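Dear colleague,

Please find below the structure that I am handing over to you. My findings follow directly after it.

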Amino acid sequence: MSPAPDERDRIRAAMERILGGTPEHSNGALTIVALALEAGVPRNALTQRHTDLKN
């Protein structure tokens, strides 16, 4: 399964919302699980495809 073309953009936007204290789809915790939920991507998108964003 290939990633969605806008996956990186969605992750970056989710990071900004979480760090800004305005999460829309998660509890706003600084975790991989919350970031994946906030971005609407599977967790493995962060742990396997976009490890640079995870770090």
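Leaving aside neighbours within four places in sequence, Leu53 is in contact with Arg8, Ile11, Arg12 and Met15. Please bear in mind that this is a predicted model. Leu53 also belongs to the largest nonpolar core, which comprises ten residues: Ile11, Ala14, Ile18, Leu35, Ala36, Ala39, Val41, Ala45, Leu46 and Leu53. At least two residues of this core come from each of α1, α2 and α3 (43-49).

Leu53 appears again in the lining of the largest pocket, together with Met15, Ile18, Leu19, Ala29, Leu30, Thr31, Ile32, Leu35 and Lys54. Two or more lining residues are given by each of α1, α2 (32-39) and α4 (51-54). The greatest contribution is that of α1, with three residues. The volume of this pocket is about 160 Å³. Sorted by class, its lining holds eight nonpolar residues, one polar residue and one charged residue.

Helix α4 also contains Asp52. The side chains of Asp52 and Arg8 are joined by a polar contact of 2.8 Å. Asp52 counts as partly exposed, because its relative accessibility of 46% falls between the limits of 20% and 50%. Measuring from C-alpha to C-alpha, Asp52 is 19 Å from Ala29 in space, and the two are 23 residues apart in sequence.

Three residues of helix α1 deserve separate mention.

Glu7 lies in α1, which spans residues 7-19. Its relative accessible area is 4%, so Glu7 is buried, the limit being under 20%. The side chain of Glu7 is joined to that of Arg49 by a polar contact of 3.0 Å. Not counting residues up to four places away in sequence, Glu7 touches Val41, Pro42, Ala45, Arg49 and His50. Among these, Val41 and Ala45 are members of the largest nonpolar core.

Ala14 is likewise found in helix α1, and it is part of that core. With a relative accessibility of 0%, Ala14 counts as buried, because the value is under 20%. Its contacts, leaving aside neighbours within four places in sequence, are Leu35, Glu38 and Ala39. Ser26 is twelve residues from Ala14 in sequence, and the C-alpha to C-alpha separation of the pair is 9.5 Å.

Arg17 is the third of these residues, again in helix α1. Its relative accessibility is 17%, which is under 20%, and therefore Arg17 counts as buried. Not counting residues up to four places away in sequence, Arg17 touches Thr22, Pro23, Glu24, His25 and Glu38. Glu38 is thus touched by Arg17 and is also in contact with Ala14.

Which residues of α2 are buried? They are Ala34, Leu35, Ala36, Glu38 and Ala39. The elements covering them include α1 and α3. Of these buried residues, Leu35, Ala36 and Ala39 are listed in the largest nonpolar core, and Leu35 also lines the largest pocket. Just after α2, Gly40 adopts a positive phi of about 70°.

With kind regards

How values were computed: Residues numbered from 1 in each chain as written. Predicted model: local features only at pLDDT ≥ 70, side-chain atom pairs only at ≥ 80, totals over all residues. Heavy atoms only, no water. Helix = DSSP H or I, 4+ residues; strand = E, 2+ residues; numbered from the N terminus. Buried < 20%, exposed > 50% of the residue type's maximum accessible area, 1.4 Å probe, protein only. Polar contact = N/O pair within 3.5 Å; in protein donor to acceptor, adjacent residues only side chain to side chain. Contact = heavy atoms within 4.5 Å. 1 Å grid on protein atoms, 1.4 Å probe; cavity = no way out; pocket = protein on both sides within 12 Å on 5 of 7 lines; lining within 4 Å. Points joined across faces, edges and corners; volume = space filled by probe spheres on them. Nonpolar A, V, L, I, M, F, W, Y, C, P; charged D, E, K, R; others polar. Core = buried A, V, L, I, M, F, W, Y, C linked by side-chain atoms within 4.5 Å.
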